[in-house]
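Q: Could you zoom in on one part of the surface for me, and then follow the side-chain packing and pairings from there? Keep it casual, but give me the cut-offs as you go.

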Amino acid sequence: MGADVRLAERLTRLGTESAFEVLARARALEAEGRKVIHLEIGEPDFDTPSHIVEAAAEALREGFTHYVAAPGLPELREAVGDYFGRTGRPAYAADRIVVTPGAKPIMFYAILALCDEGDEVIYPDPGFPMYESISRFVGATAVPVPLREENEFRMDPDEAASLVTDRTKLLVLNTPHNPCGSTLTRSDVEALARVALEHDLVVLSDEVYFAIRYGGEHVSIASVDGMADRTILLDGCSKTFAMTGWRLGFAAFPMPLVEPVSRLIINSVSCTAAFSQRAALAALTGPWEPVEAMIEEFHKRRDVIVDGLNHIDGVSCLEPGGAFYVFPNVKELGRPSDEVAAFLLRDAGVAALAGTAFGAHGEGYLRFSYANSVEAIRDALDAIADALPTLAG
Ligand SMILES: Cc1ncc(COP(=O)(O)O)c(C=O)c1O
């Protein structure tokens, strides 16, 4: 008989990221011998560039195998501050930078450090599921701003402003956006900054996809006058340098948050792996060509998948300006999006996510990641086009 393990109540408020669950279901089908095309996974399918791998190998040989300072190696903190300055964000002094194992802990620590029970966090819906999950976990109220297709899935600053109350503490932005691929314009960002300044809000600006854009400019809210001191600028190596498994994220924090977040690191993970940090140093200071080559390839795939989806009856898809996701509208199919996603996995052998995996306002949409080859994307489009008539019938 199992022990009577009773979980804490707070666990009922902790969500999950269903990409990992769909991946497990897809793998189970593959174990039965079924072929599955993976368009559910949110990570570049490219290898980490070799000069970064070499830097890590060298670091291991040099003895970067020990604990290091909680907020990060001084040389990496310095390099991150410069990197922000070189990539269209403000340049920061090293003492504003904190390094964590992946970018996700930045969200966790930021929300944990800022939000008391009853505080409110305004976040995009559809959006990366962790914003809501972590906010609710710490006892804060998660307040969604619907992102509407009519507005190209960009957050409407007036709508965000209308949700502010005297309990609002934090405004979460994400550009380029997961799952919609949308990018905020300069005027969106300036209007959102006015909301934050007027209501004294802290902004968590998730810019992990900042480099993965197809032409448009990246505008960080941190670069608007008066915003650098109230913005947590979140970024990392996972997407830009195809380094998801290295677990290397970083952020520039308002100065009063640096010490509390460092203490949260000491209480949870002690520090980020030293050799991953040395690899990140090589990534941030090394050649940009591998990043450009990856973006060029993503660009081709985006064009193929958007065009293909728009040729399938019952499906329509906007052209996203960034990240490596499309968020097609499947409302005409007349089924809830989780049913459509389950059908596509079972009957077309294509793994995708329901829009509702990203919040209630994702109903009627699917998310496909195009971090897969053009050939696999074409095969997936054919399989979807063949299978969908049997869903409708
Ligand atoms: C919007 C967004 N932010 C942050 C992350 C997390 O990145 P990391 O793997 O570095 O924790 C992801 C990963 O999918 C993401 O989509």
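A: Val5, Leu7, Leu11 and Leu14 make up a nonpolar patch on the surface, and together they have about 390 Å² of accessible area. A patch here takes residues with over 30% relative accessible area and no salt bridge, joining nonpolar side chains (Val, Leu, Ile, Met, Phe, Trp, Tyr) within 5 Å and like charges within 9 Å. The areas come from the Shrake-Rupley method with a 1.4 Å probe, and for residues only the protein chains shown count as cover. This is a predicted model, where local features need pLDDT of at least 70 and side-chain atom pairs count only at pLDDT 80 or more, while totals for chains, interfaces and linings use all residues. Residues are numbered from 1 along each chain as its sequence is written, and side-chain values use heavy atoms, with hydrogens and water left out.

Within the patch, Leu11 sits in the segment before helix H1 (18–31). Helices (H or I, at least four residues) and strands (E, at least two) are DSSP runs, numbered from the N terminus. Leu11 counts as partly exposed because its relative accessible area is 38%; buried means under 20%, exposed over 50%, and partly exposed is in between (1.4 Å probe, protein chains only).

Helix H1 itself has a salt bridge: Arg27 pairs with Glu30, their closest N and O atoms being 3.3 Å apart. For a salt bridge, a side-chain nitrogen of Lys or Arg has to be within 4 Å of a carboxyl oxygen of Asp or Glu. Both partners lie in H1, three residues apart, about one turn of the helix. Arg27, at 44% relative accessibility, is partly exposed, and Glu30, at 27%, is partly exposed too.

Searching the whole structure turns up 22 salt bridges. Another one joins Lys169 and Asp119, with 3.5 Å between the closest N and O atoms. Lys169 is in strand E5 (residues 168–174) and Asp119 is in the loop between helix H4 (104–114) and strand E3 (120–125), so this pair ties together parts that are 50 residues apart in sequence. Lys169 is partly exposed at 29% relative accessible area, whereas Asp119 is buried at 6%. Asp303 and Arg302 also meet in a salt bridge (3.0 Å, N to O), and Asp45, Glu297, Lys300 and Arg301 are linked in a network of them.

Now to the inside. In soluble globular proteins, nonpolar side chains tend to be buried together. Here the largest nonpolar core has 105 residues, and the ones with the most contacts inside it are Ile232, Phe253, Ile305 and Phe368. Such a core is a set of buried Ala, Val, Leu, Ile, Met, Phe, Trp, Tyr and Cys residues joined through side-chain atoms within 4.5 Å. Take Ile305: leaving out residues up to four places away in sequence, Ile305 touches Leu39, Val326, Phe368, Tyr370, Ile377 and Leu381, where contact means heavy atoms within 4.5 Å. A second, separate core of 25 residues includes Ile122, Val189, Leu192 and Val195.

Then there are the rings. The whole structure has 19 aromatic pairs. Rings of Phe, Tyr and Trp (its six-membered ring) pair if their centres lie within 6.5 Å; planes under 30 degrees apart are stacked, over 60 edge-to-face, and the rest tilted. Tyr83 and Phe250 are edge-to-face, 6.1 Å centre to centre with 90° between the planes. Tyr83 is in helix H3 (residues 74–86) and Phe250 in strand E8 (residues 249–252), so far along the chain from each other that 167 residues separate them. Both are buried. Phe298 and Phe324, by contrast, are stacked because their centres are 4.9 Å apart and their planes are at 25°. That pair links helix H10 (residues 289–310), home of Phe298, with the loop between H10 and strand E9 (325–326), where Phe324 lies, 26 residues away. Phe298 is buried at 0% relative accessibility, and Phe324 is buried, also with 0%. Back at Tyr83, ring pairs link Tyr83, Phe84, Tyr92, Phe210, Phe241, Phe250 and Trp288 into a cluster.
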